[in-house]
Amino acid sequence: GDGGQSRTEKKLSSSPPLSRVSRQSSCPGVTSGDGASVDQLDIGRSASDNNRRRTRLRIRALEREAMVARISLTCVIVFTVCWAPYAIVALLVQFGGLGYYGPYISTIPILMAKSNCVFNP
């Protein structure tokens, strides 16, 4: 009743998978797609494979950081463009630099300021 398996095959099939080791991280918090940290590399891999994997993970982390920076900069620029006309008109009216102006001139800056919530996430 051994199902045709030899002792070696039984021993290999019952052994746990390769464990992971933890090392000091030069890039803490960076994880691979499977959730393992950069420093949790397979024991069975060669040093060059581990170095290539570490390099790929660092490049991906830098690409994500660059994307976040671009998104943040875009949000700041859109906010400034939307609210600047309203702020300028409000300051000119407050300090008397702008005399009487029609309803259309005051409506455009207000609409631009309110459109900020449409353009900025």
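In this predicted model, the search for salt bridges comes to a count of 1. The partners are Asp49 and Arg52, whose side chains meet with a nitrogen-to-oxygen distance of 2.4 Å. A contact of this kind makes sense because side chains of opposite charge can pair when their charged atoms come close. Both Asp49 and Arg52 belong to helix α2, where 3 residues, or about one turn of the helix, lie between their positions in the count along the chain. Neither end of the bridge is hidden away: Asp49 has a relative accessibility of 33% and therefore counts as partly exposed, and Arg52, at 46%, counts as partly exposed too.

Helix α2 also carries a group of aromatic residues. Across the whole structure, a search finds 2 aromatic pairs. One of them joins Phe79 and Trp83, with ring centres 6.3 Å apart and planes at 35°, so this pair is described as tilted. A tilted pair is one that falls between the two named extremes, because planes under 30 degrees apart would count as stacked and planes over 60 as edge-to-face. Along helix α2, Phe79 and Trp83 are 4 residues apart, which means that about one helical turn separates them.

Trp83 takes part in another pair, this time with Tyr86. Here the ring centres are 5.7 Å apart and the planes stand at 85°, an edge-to-face arrangement. Trp83 and Tyr86 are likewise both in helix α2, 3 residues apart, or about one turn of the helix. Taken together, Phe79, Trp83 and Tyr86 make up one aromatic cluster.

How open to the surroundings is this cluster? Phe79 has a relative accessible area of 42% and is partly exposed. Trp83, at 33%, is partly exposed, and Tyr86, at 37%, falls into the partly exposed class as well. These values lie between the limits of 20% and 50%, so none of the three residues counts as buried or as exposed.

The cluster residues appear again in a description of the surface. Phe79, Trp83 and Tyr86, joined by Ile110, make a nonpolar surface patch of about 360 Å². Helix α2, which spans residues 47-94, gives the most to this patch, with 3 residues. Phe79 is a handy residue to follow through the model: Phe79 lies in helix α2, pairs with Trp83 in the tilted arrangement, and helps to form the nonpolar patch.

Key:
Residues numbered from 1 in each chain as written. Predicted model: local features only at pLDDT ≥ 70, side-chain atom pairs only at ≥ 80, totals over all residues. Heavy atoms only, no water. Patch = residues over 30% accessible without salt bridge, like charges linked within 9 Å, V, L, I, M, F, W, Y side chains within 5 Å. Areas by Shrake-Rupley, 256 points an atom, 1.4 Å probe, with all protein chains shown as cover. Salt bridge = Lys/Arg side-chain N within 4 Å of Asp/Glu carboxyl O. Helix = DSSP H or I, 4+ residues; strand = E, 2+ residues; numbered from the N terminus. Phe/Tyr/Trp six-rings, centres within 6.5 Å; stacked < 30°, edge-to-face > 60°. Buried < 20%, exposed > 50% of the residue type's maximum accessible area, 1.4 Å probe, protein only.
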